[in-house]
Amino acid sequence: MTGLLSRIRRRRTALASLAVLAVAVGLTVLPHGGDAYADVKPSRSTLKAADGKNYWVDNHLVSDAISTQHEALSGAGKRPEYLIVWAGDANIADTVVPDIKNLPGSLADPVQKVKNALPGPDFLAVIDATKGSPTYGKVLNTGTVGPLVENEPHHMQYVWHKGEKVYAGGLFSAATYVFDVSKLPALSLSGISLPSQTLCGSVPDAYWVLKDGTAYGTYMGGPVAPGPCRYTHGEVRTGNGFAGTPGEVVHFGPQGQNLSESPAAVAKPEDPKLCLDTPSLQVPSCANPHGIQVREDLNAMVTSDYAEPRNIILDPLKNPSPYLRRPTVRTWDISDRNHPKVKSVAYLPVGPRAVPSDPLHWEDRAVMETTVTNQPGHKGAFAESMQGGAIFYTPDITSPHPVWREVFDDWTADKKFTGGGSGPGDNAGWVQTSPDDKTLYHAIIGRAAGTLGPSDPGTTGGVFALDISKLVAAGDHYTCDVTTRDDAINGGGGDCPSVQGVVTIGTAKAGGPHWGALDNLLKGDDGYYRETERPQRLATANYFVARTGLDGDHRVCMTDINKDGSLSLDKDFKDEVTGQSCISFNRKNWPHGAFGFAKPHSMLFVAADDDTK
């Protein structure tokens, strides 16, 4: 652990030196502070972590905007709803990566591209999401975390329910933050888990909160130190180190305490070709869990394996093997909530458009996300591939060996975006079933022109909605199976998913959304919010991870879900600075100061406990 902390200190020193160098060569550095938000009330929530040091979240409440919101809503008998966005400070380490990848010519104009060179605080932004509010779309608070910087804020849980804490991960810091959002727009810090508390895993990704308030978190990367690691219940797996393989699932308490660590890798070797590890392992594994969803009523959990992260996410300058992107989905038995056990490892099928010479874009490549069905009587789940651009389905996650089939190729929907596109390499991300199991929502970043060859026009990004009602209702007797190129381009027919709506967000050049969240809250006649099975809108963020070379334009957008299932951009959700649709995180000033551009990765719809029933 001493060695790990030493490496982290050296990395931060290097970043600071890089920032000083940026100043020396004339790169733009924005000053701290600023008067764009003149009426800001600061407050700090502090706790002592396992290392004996203080950690905090600093609130920067924009009191004049909050007063305007309160007066307008209370006078109309309404209560506020918020969109909270987990965002990282953008600095020279983010903006220089694309230039380095395009040496030598890219050094000709570095000054214009760096908007703020010095590392600043990462934060949770609290945005007014109350339709009809005079402050709709305005940032009402930024809760900056400290003392850690360079967390690379990543995912939280997929949906928020009343009374839950918010679990939020730092991809690079390997820290999990736990926030109390019961008194919004103010935030407090309930807990933090540090790398020293999760020695068998690294690179936290996504979370699922259980009914008892505890949470599971996927740690995509390998043990903090290479070699054998003993998990909470005695299992031992050998890993190749921080951000390597295999990953794990951590069970957290509501103060961020580590209740248990469970291996995502099975004891037996997995396919040595499809599960390439670098450095190689004697027991090869694809266990790099990214997505995670749970059915407590079925005692079942599903995780999806994305990639060995240090070769994809943490080192963008190498050209890694396509076999470092994973084709696997795992189902778990969680009947003992504190001891999840992997029950099956399934290799997704390669689809009909796979080109033997291009395994990076096979349909099964890089299984980033998964989502479960929700209704009693339904036992199915979906999985999607980021590089493959396809969606897979199994009707029963309680089966000892679930069988997955390709049921949809993104190509069928991508071609409907403004500017068009096709499925291979469309950088698909967030996928989520509606609570009533009738619709599947999917976010697409898009594919840069030329990715598949000189004549490739690229793929535009956005969100599409699929009608999955026939597929789910068919249970074990569904017939959908995408087996031909025509199925991939035009849909499989029968009980296969069909396109219900699309909304274009971004361009093939700038990129569309990686992540999204459904608004599961609906205001009742009494003014209080309750959960709904028919969400009427969703939010997305145009950002992935800058240091992979796949960045985004840093906009957070709101999309309306219309009664007929079609999608349309909410043009009233406007940036308070530019007046344009969507909230731009590329701005000079924030409530916490003039720290410049920020990177919004994930979001949740939340209301204060007192406003929710």
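I will talk through one sheet, one covered strand and the disulfides of this structure.

Before that, a word on the basis: this is a predicted model, in which local features need pLDDT of at least 70 and side-chain atom pairs count only at pLDDT 80 or more, while totals for chains, interfaces and linings use all residues. Residues are numbered from 1 along each chain as its sequence is written, and side-chain values use heavy atoms, with hydrogens and water left out.

Let me start with the sheet. It is an open one of four strands, in the order E9-E10-E13-E14 with antiparallel pairing, where strands are DSSP runs of E with at least two residues, numbered from the N terminus, and two strands pair if DSSP finds at least two bridges between them. At the edges sit E9 (202–209) and E14 (258–263), each pairing on one side only. Neighbouring strands of this sheet are turned by 25° against each other on average, direction ignored, with axes taken as lines fitted to C-alpha atoms and angles running from 0 to 180 degrees between N-to-C directions. Within the sheet, E10 (residues 215–221) and E13 (residues 248–252) are joined by five bridges, and Tyr216 has His251 in E13 as its bridge partner.

Next, please look at strand E30, residues 537–541, which is mostly covered, with five of its five residues buried; buried here means under 20% relative accessible area, with a 1.4 Å probe and protein chains only. In a regular strand the side chains alternate between the two faces of the sheet. In E30, Arg537, Ala539 and Ala541 point one way, whereas Leu538 and Thr540 point the other way. E30 pairs in the antiparallel sense with E27 (residues 515–518) over four bridges, Gly516 standing opposite Thr540. Five bridges also join E30 to the antiparallel strand E31 (residues 555–561), in which Asp560 is the bridge partner of Arg537.

E31 brings us to the disulfides, of which the structure holds four, a disulfide being a pair of cysteine sulfur atoms within 2.5 Å. Cys557 and Cys582 form one of them, with their sulfur atoms 2.1 Å apart, and because the torsion about the S-S bond is about 110°, this disulfide is right-handed. The pair links distant parts of the chain, 25 residues apart, with Cys557 in strand E31 and Cys582 in the loop between E32 (567–569) and E33 (583–584). By contrast, the link of Cys200 and Cys229 is left-handed, with -90° about the S-S bond.

How values were computed
Buried < 20%, exposed > 50% of the residue type's maximum accessible area, 1.4 Å probe, protein only.
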